[in-house]
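I opened my notebook on this one with a simple plan: pick a few spots, look each one up, and write down what I find. Come along and follow with the structure in view.

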Amino acid sequence: AVIALDNVDRVRNRARALLETNRGLVNEFLGSHPDLDCEPSRFGTTVFPRLKLGRTEEFVEMLRGQFETSVVPGEFFEQPQHFRIGFGGTAETVRGGLERLRAALEVFQRRPR
């Protein structure tokens with residue numbers, strides 16, 4: 001903690017740069033997926049998109065089981081058609097998670113109903 005406090009400006013600047021990079025990745029992702037409804041992120045470290053078609057519970061289960069990627073189901077927030085995506089990690093981790101999320105959405109939307 002003492003080291004962090006001694007370098008608070010550097011730590012803060014690094015965190016801001018990381019979040020701005022990740023926010024750009026997430027907003028680009030959201031803008032390119034019409035099957036999700038979500039306002040672009042302007043602050044914070046999470047977004048809460050709504051899945052327009054299909055049951056979010058099934059999507060979250062498939063995402064975790066087939067794509068080894070987790071999001072927080074909206075049912076924990078009394079919003080069952082939504083899910084929460086966090087983007088506070090490294091840009092590499094966020095890119096990988098978004099790529100798996102993209103692939104899962106493609107599979108999920110093509111499945112028979």
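**Entry 1: two loop residues.** I started with Glu78, which sits in the loop between β4 and β5. I remembered that this is a predicted model. The phi angle of Glu78 is positive, about 60 degrees, although the residue is not a glycine. Is Glu78 buried or exposed? Glu78 is exposed, with a relative accessible area of 71%.

I then looked up Glu68, which belongs to the loop between α3 and β4. Its phi is near 50 degrees, again a positive value in a residue other than glycine. Glu68 counts as exposed too, at 72% relative accessibility.

**Entry 2: Thr69.** I moved on to Thr69, in the loop between α3 (56-67) and β4 (72-73). Thr69 has a relative accessible area of 9%, so I noted this residue as buried, the cut-off being under 20%. What does its side chain reach? I found the backbone oxygen of Phe67 at 2.9 Å from the side chain of Thr69. There is also a side-chain to side-chain polar contact between Thr69 and Arg100, at 2.7 Å. Leaving out residues up to four places away in sequence, Thr69 touches Leu63, Arg64, Gly97 and Arg100.

**Entry 3: the sheet.** Next I traced the strands. Three of them form an open sheet, in the order β2-β5-β4, with antiparallel pairing. β2 (46-47) and β4 are the edge strands; each has a single partner, so one side of each is left without a neighbour in the sheet.

I checked both pairings. β4 and β5 (residues 83-86) are joined in the antiparallel sense over two bridges, and Pro73 has Phe83 as its bridge partner in β5. β2 and β5 also pair in the antiparallel sense over two bridges, and here Thr46 has Gly86 as its bridge partner.

Which residues of β5 are on the covered face? I noted Phe83 and Ile85 there, with Arg84 and Gly86 on the uncovered face. I jotted a reminder beside this: in a regular strand the side chains alternate between the two faces of the sheet.

**Entry 4: helix α4.** I spent a while on α4 (residues 91-110). This helix has 20 residues and reaches 29 Å from its first C-alpha to its last, close to the 28 Å expected at 1.5 Å a residue. Its buried residues are Ala91, Val94, Gly97, Leu98, Leu101, Ala104, Leu105, Phe108 and Gln109. Looking down the axis of α4, I saw the buried residues fall within an arc of 150 degrees, so they line one face of the helix. My margin note: an α-helix has 3.6 residues a turn, so residues three or four places apart point the same way.

On the other side of α4, I found Glu92 and Arg110 exposed. What covers the buried residues of α4? The cover includes α2 (8-31), β1 (36-37), β3 (50-51), α3 and β5.

**Entry 5: helix α2.** I ran the length check on α2 as well. Its 24 residues should span 34 Å at 1.5 Å a residue, and its end C-alpha atoms are 34 Å apart, which agrees. The buried residues of α2 are Asn22, Arg23, Leu25, Val26, Phe29 and Leu30. I looked at what these pack against and wrote down β1, β2 and α4.

**Entry 6: the core.** Last, I turned to the largest nonpolar core, which has 23 residues. Which residues have the most contacts inside it? They are Phe59, Phe83 and Leu101. The elements giving two or more residues to this core are α2, α3, β5 and α4, and the largest share, seven residues, comes from α4.

I followed Leu101 outward to finish. Not counting residues up to four places away in sequence, Leu101 touches Phe29, Phe59, Leu63, Phe83 and Ile85. I had already met several of these names: Phe29 is among the buried residues of α2, and Phe83 and Ile85 make up the covered face of β5. Leu63 is also one of the residues that Thr69 touches.

Key. Residues numbered from 1 in each chain as written. Predicted model: local features only at pLDDT ≥ 70, side-chain atom pairs only at ≥ 80, totals over all residues. Heavy atoms only, no water. Helix = DSSP H or I, 4+ residues; strand = E, 2+ residues; numbered from the N terminus. Buried < 20%, exposed > 50% of the residue type's maximum accessible area, 1.4 Å probe, protein only. Polar contact = N/O pair within 3.5 Å; in protein donor to acceptor, adjacent residues only side chain to side chain. Contact = heavy atoms within 4.5 Å. Pairing = 2+ DSSP bridges. Expected span 1.5 Å × (residues − 1). Arc of directions from axis to C-beta. Core = buried A, V, L, I, M, F, W, Y, C linked by side-chain atoms within 4.5 Å.
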